[in-house]
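Biologist: I'm new to reading protein models, and I'd love a close look at one single part of this one. Could you pick the place where two helices pack together and walk me through it slowly?

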Amino acid sequence: MAQGLLFNSIHVMGIATPLMYVWFVLMLPRDLPHWMRLAMCFILGALVDMFSDTAGLVMTSLTAVGFVQPYFLELFLGREDEEDFKPSMRTMGFWKYSFYAFCLVFLYCLIYFGLDAFTLHDLVYLLMMAGSSGLITYILILVIGFI
């Protein structure tokens with residue numbers, strides 16, 4: 001709801017929009033069953049779509065990122081880490097968490113803006129939209145991580 005009412009009206013230089021609901025997917029714990037992770041991402045995406053009028057773009061993109069999130073998390077964790085591990089800056093450390101967040105945020109933005117454009121005709125504009133929105137979202141997620 002905050003995304004639809006507040007963040008969707010923020011457009012830095014006309015192209016960058018913070019997409020803060022991605023932070024929810026970053027924070028999903030390690031031991032969450034895969035079907036539940038996908039269902040939660042699907043439902044959150046559907047709710048954001050209703051408030052943002054984006055016709056399934058957020059739902060599809062968020063579900064795709066929810067699908068790959070545990071695999072990205074495994075890249076930054078060892079097998080000896082506890083099973084109920086919850087990713088955060090405090091538990092992972094700054095560098096691991098920032099790279100983990102960077103990968104998932106920019107993957108989300110590429111999927112979202114790629115589906116939104118549905119063409120590679122103007123690839124520079126697509127990459128500019130995904131990169132700038134990803135950067136502002138990434139910075140805000142790191143600020144939230146410090147709090």
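Modeller: Happy to! Let's begin with a term we will need: a crossing of two helices is called right-handed if the near helix is turned clockwise from the far one by less than a right angle, and left-handed if anticlockwise. Please keep in mind that this is a predicted model.

Now for the setting. The protein has seven helices and zero strands, so to speak a pattern of α-α-α-α-α-α-α when read along the sequence. Of its 147 residues, 44% count as buried. Among contacts between residues at least 6 apart in sequence, 68% join residues at least 24 apart.

The part I would choose is the pair α6 and α7. Two packed helices are described by the angle between their axes and the distance between the axes. For α6 and α7, the angle is about 145° and the axes are 8 Å apart. The crossing of α6 past α7 is right-handed, in the sense explained above. Sorted by type, the residues of this contact are 19 nonpolar, six polar and no charged.

Let's zoom in on F113. Leaving out residues up to four places away in sequence, F113 touches L19, L126, M129, A130 and S133. Another residue to find is Y125, which lies in helix α7. The C-alpha atoms of Y125 and F113 are separated by 9.9 Å, and the two residues are 12 apart along the chain. Is Y125 buried, partly exposed or exposed? Y125 counts as partly exposed because its relative accessibility is 39%.

F113 also belongs to a wider group. The largest nonpolar core has 36 residues, and F113 is among those with the most contacts inside it, together with Y21, L26, Y97, Y100 and Y108. Two or more residues of this core come from each of α2 (22-26), α3 (34-52), α4 (57-76), α5 (89-92), α6 (94-117) and α7 (123-146). The largest share, 10 residues, is given by α6. In soluble globular proteins, nonpolar side chains tend to be buried together.

Finally, here is a polar residue to compare with that picture. Q69 sits in helix α4, and it counts as buried because its relative accessibility is 0%. The side chain of Q69 makes a polar contact of 2.5 Å with the side chain of R37. Setting aside neighbours within four places in sequence, Q69 is in contact with V25, L26, L28, R37, P87, Y100 and L104. Two of these names, L26 and Y100, appeared earlier among the core residues with the most contacts.

Notes
Residues numbered from 1 in each chain as written. Predicted model: local features only at pLDDT ≥ 70, side-chain atom pairs only at ≥ 80, totals over all residues. Heavy atoms only, no water. Core = buried A, V, L, I, M, F, W, Y, C linked by side-chain atoms within 4.5 Å. Buried < 20%, exposed > 50% of the residue type's maximum accessible area, 1.4 Å probe, protein only. Helix = DSSP H or I, 4+ residues; strand = E, 2+ residues; numbered from the N terminus. Contact = heavy atoms within 4.5 Å. Axes fitted to C-alpha atoms, helices over the stretch in contact; angles between N-to-C directions. Nonpolar A, V, L, I, M, F, W, Y, C, P; charged D, E, K, R; others polar. Polar contact = N/O pair within 3.5 Å; in protein donor to acceptor, adjacent residues only side chain to side chain.
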